[in-house]
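Dear colleague,

I am handing over the structure we spoke about, and the sequence and coordinates are shown just below. After them I set out what was found, one site at a time.

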Amino acid sequence: MANDAAPQVIRREDYRPPAFLIEQVELGFVLEPSATRVTSRLHLRRNPEAGTPDAPLVLDGQALTLDGIALDGREIAADAYAVDDESLTVAAMPDTGVLEVRTTIDPKANTALEGLYLSNGVFCTQCEAEGFRRITYFPDRPDVMTRYTVRIEADKAACPVMLSNGNPIDRGELGGGRHFAVWQDPHPKPCYLFALVAGDLGVVRDGFTTRSGRKVDLRIYTEHDKVDQCDHAMVSLKKSMKWDEDVFGLEYDLDIFMIVAVSDFNMGAMENKGLNIFNTKYILAKPETATDADYQGIERVVAHEYFHNWTGDRVTCRDWFQLTLKEGLTVFRDQQFSGDMNDAAVQRITDVRRLRSAQFPEDAGPLAHPIRPDSYIEINNFYTTTVYEKGAEVIRMIHTLIGPKNFRRGMDLYFERFDNQAVTCEDFVKAMEDASGRDLGQFRRWYAQAGTPRIEARGRHDETGRRYTLTLRQTCPPTPGQPEKEPFHLPVALGLLDPAGQPVPLRLEGENTEGATSRVLDLTELEQTFVFENVPSAPVPSLLRGFSAPAILDAGYRDAELRHLLAHDTDPFARWEAGQTLALHVMLALIADAQAGRPLALSPGVIEAFGEVLDDQAVAPAFKAQMLALPAQSYLGEQMAVIDPDAVLAVHRFVRKALADALRPHFRTLYDAMTGEARAFSVDADAIGRRSLALTALGYLSAGGNEDGMVLVLDLLAKRATMTEVIAALAILSETERPERTEAFEAFHAKWRHDALVTDKWFGLQAMAQVSDSVERTEALLRHPDYVATNPNRVRSVLGAFAAGNPTGFHREDGKGYALVGREIRELDGMNPQVAARMTQSFGRWRRYDAGRQERMQAELRAILAKPGLSRDVREIAQKSLEG
Ligand code: TRP
Ligand code: ZN
């Protein structure tokens with residue numbers, strides 16, 4: 001990892017099939033914290049399809065101590081093989097043979113959390129993408145799939161539980177307080193899906209009977225004192241299993257499914273075959289400690305990892321350039337699942353918000369890449385919002401273009417063709433094409449071209465001809481290495497609303513189909529014109545309904561048209577979008593006023609439009625909360641030529657307070673209605689929706705520190721409120737100078753300091769508080785005795801929260817915010833390059849700021865690059881950020 005030489009670039013076009021295949025593998029582990037011995041027996045066979053009959057056997061390996069090698073039972077001489085920092089080469093490897101390799105590794109010293117490591121005394125693994133090479137020498141690439149038998153030996157007291165993939169086939173006692181267990185996985189898999197866990201863990205057990213009658217033993221393992229927090233994860237798992245059967249006809253394929261929750265984890269969770277390993281954040285929940293967002297996050301991530309069993313494990317990726325094959329598809333599946341379990345419209349809005357706040361900026365910056373990249377230096381840097389969330393949008397567009405029935409047929413065909421294989425994105429698209437009969441030739445550009453396309457829409461109504469002409473144009477800005485773009489195939493879902501707000505039946509010129517009031521247009525050219533007939537009066541077009549393509553829409557709407565859509569659109573996403581666009585217009589104008597030193601004022605028309613939404617009795621609370629939420633500060637900033645975080649914050653605060661002052665009784669009525677009757681705690685969609693709306697109203701009522709509003713906030717803290725309410729109340733308090741702020745945070749810490757996940761929230765709220773001394777306060781958090789630099793969740797809750805969630809602090813004029821984050825990145829790099837690289841992304845958008853900030857952000861990137869022994873992970877991000 002540490003390597004100052006020019007880093008090697010891996011290219012998609014260089015893919016070659018593996019020289020050797022593995023028929024089966026037997027792994028043996030003798031677990032000791034500082035010296036674990038690993039024995040691997042690879043049953044090798046030369047790959048006839050590789051066309052390399054004389055190639056040596058090259059195995060990947062890193063940070064391993066090699067103790068010995070034997071071929072077909074005989075130790076081989078030191079001159080028959082070569083070892084370097086990254087590989088083991090056996091020159092004269094016969095066409096078949098069993099290679100036994102004995103190595104020693106040091107889990108305790110492993111702070112990178114890749115390979116085998118210890119988390120709170122529990123042995124666990126993380127092998128995706130290339131962590132298996134830190135366990136033993138192996139062809140560490142996803143297209144080498146094999147069957148695993150794993151024998152684990154450990155101290156009985158330290159590790160009563162010993163798990164690996166597949167089925168338990170043997171276990172027994174050994175002398176000296178030790179014991180062993182043997183696991184066998186009948187399904188062939190790539191090594192990135194290997195997992196091992198051993199430790200003193202408690203378990204929650206349940207069962208699920210698949211629709212063909214297989215009884216599956218379900219288990220969730222965690223530290224003993226947390227087994228009471230696994231119920232929601234278990235319920236989510238069973239819902240996921242049922243949903244995948246109902247919607248995709250996909251059944252679970254082993255007799256046991258296990259989840260282990262660990263405290264130290266680089267990402268959210270991992271789909272290892274039959275043995276998912278999770279960050280505790282996505283398993284543990286109980287009413288006193290978890291917020292509604294936590295409950296929903298658990299449901300989503302449990303589903304995501306479970307769905308990988310088919311989209312990822314049974315059919316996997318040929319190489320890491322194909323990552324979106326499993327990730328984009330699985331995110332699409334988890335989004336559909338969450339939409340079915342909760343409110344579909346609210347789910348779609350949440351997903352689009354996430355896409356816009358993280359993926360659009362990535363696609364517009366120096367790290368922009370297609371969902372299927374052409375090259376990388378460190379694959380861990382490509383687990384991006386582009387590969388995941390934009391990848392899911394690409395799958396969604398296929399679903400939109402061919403329709404749900406054909407999509408299901410395409411999925412069936414995909415599994416029929418590729419079960420137990422490692423395949424490419426092209427294989428997936430071809431299956432969809434063959435199943436639907438639809439030409440997806442141009443559509444494939446979504447896999448190759450980066451950047452967010454822009455759609456310009458202009459309409460013209462012809463009164464006498466009763467025709468409405470809609471012209472759509474597409475453009476896509478240049479991205480690194482891609483100055484010119486070919487036109488995309490964009491599905492544009494639309495409807496037309498007449499002046500009374502009624503949907504207009506759509507009849508396209510030259511088509512004799514009539515009737516539908518919503519349909520999908522195919523925008524494939526740079527410019528296309530669509531003529532709708534029998535449109536008596538000028539309509540307002542409702543465009544990109546359901547956000548049918550991941551694009552930026554410029555419809556040139558006047559505010560009156562947006563208000564028309566806001567009042568009448570039948571597509572909930574488009575209705576929400578109309579409100580957001582209206583708010584955006586207003587707030588961008590106010591930002592210009594603020595920057596010019598003009599006084600700020602909100603027009604009566606805007607207040608009236610907002611008031612109508614506020615009083616609308618017909619919409620569900622969760623949806624109304626989305627309608628009332630202002631565009632995020634980050635999203636507002638993105639719309640500016642030069643991002644001005646201070647002006648954005650000032651306007652955000654001004655608008656919240658102005659709306660509250662103008663509509664206070666309405667907000668209060670709403671708040672009382674949503675909090676009125678006492679109800680038992682529940683996390684069903686209705687209860688979550690009511691809390692979400694109540695807290696949105698509270699945000700307005702307390703804007704600008706309004707005394708009546710603050711009374712409600714303090715009231716929430718004083719009574720036995722839910723964690724969702726407490727966190728919202730603390731967030732409001734955190735940006736005030738009231739004495740209660742200190743008291744409340746101290747009391748919260750005293751109450752929860754033994755609960756790591758709640759303590760993370762406590763750190764995060766303070767790091768995100770946009771107050772004038774937020775840099776100094778964040779410095780103090782980093783010196784707090786509970787700050788643990790080796791724990792990724794804790795690092796994210798301070799450093800990640802500050803850099804990504806505190807724009808005015810991170811971008812503080814004097815550059816102290818940058819200096820703090822830069823220093824911590826250099827520190828973290830030596831411990832955990834993956835997490836350090838994530839944090840480095842915060843500096844990537846420097847071009848979007850003023851000259852002074854640009855200079856200081858670049859200087860920080862240069863200081864990071866100057867660190868001796870800098871990891872490949874951080875180097876790639878920092879270098880590309882400066883160049884791109
Ligand atoms: N495959 C995992 C998922 O999306 C992602 C993941 C978990 C991961 N841990 C990782 C990726 C570590 C890279 C490194 O579900
Ligand atoms: Zn995934």
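Please bear in mind throughout that this is a predicted model. I begin with Leu-636, which lies in helix α12, a helix that covers residues 633-638. Leu-636 is buried, because its relative accessible area is 0%. Leaving aside its neighbours within four places in sequence, Leu-636 is in contact with Leu-584, Met-587, Leu-588, Pro-631, Val-648 and His-652. As for His-652, which stands 16 residues from Leu-636 along the chain, the C-alpha atoms of the two are separated by 9.3 Å.

The next site is that of the zinc ion (ligand 2), whose protein donors are His-304 (NE2), His-308 (NE2) and, entered twice, Glu-327 (OE), lying 1.9 to 2.7 Å from the ion. Along the chain these donors follow the spacing H-x3-H-x18-E, and both His-304 and His-308 are buried. The zinc site has six donor atoms, with angles of 46 to 162 degrees among them, and is irregular.

Finally, there is ligand 1, which is surrounded by 16 residues, the closest being Glu-128, Ala-269, Glu-271, Glu-305 and Tyr-388. At least two residues of this shell come from each of β20 (269-270), α2 (292-307) and α3 (323-341). Glu-327, already named as a zinc donor, has a polar side-chain atom 3.1 Å from a nitrogen atom of ligand 1. For Glu-305, a polar side-chain atom lies 2.7 Å from an oxygen atom of the ligand, while for Tyr-388 a side-chain N or O atom is 2.5 Å from an oxygen atom of ligand 1. Taken alone, ligand 1 exposes 370 Å², of which the protein buries 97%.

With best wishes

Methods
Residues numbered from 1 in each chain as written. Chains lettered and ligands numbered in written order. Predicted model: local features only at pLDDT ≥ 70, side-chain atom pairs only at ≥ 80, totals over all residues. Heavy atoms only, no water. Helix = DSSP H or I, 4+ residues; strand = E, 2+ residues; numbered from the N terminus. Buried < 20%, exposed > 50% of the residue type's maximum accessible area, 1.4 Å probe, protein only. Contact = heavy atoms within 4.5 Å. Donors = N, O, S within 2.8 Å, 3.2 Å for Na, K, Ca; no water. Tetrahedral: all angles 85-135°; square planar, octahedral: opposite > 155°, others 65-115°. Near = heavy atom within 4 Å. Polar contact = N/O pair within 3.5 Å; in protein donor to acceptor, adjacent residues only side chain to side chain. Areas by Shrake-Rupley, 256 points an atom, 1.4 Å probe, with all protein chains shown as cover.
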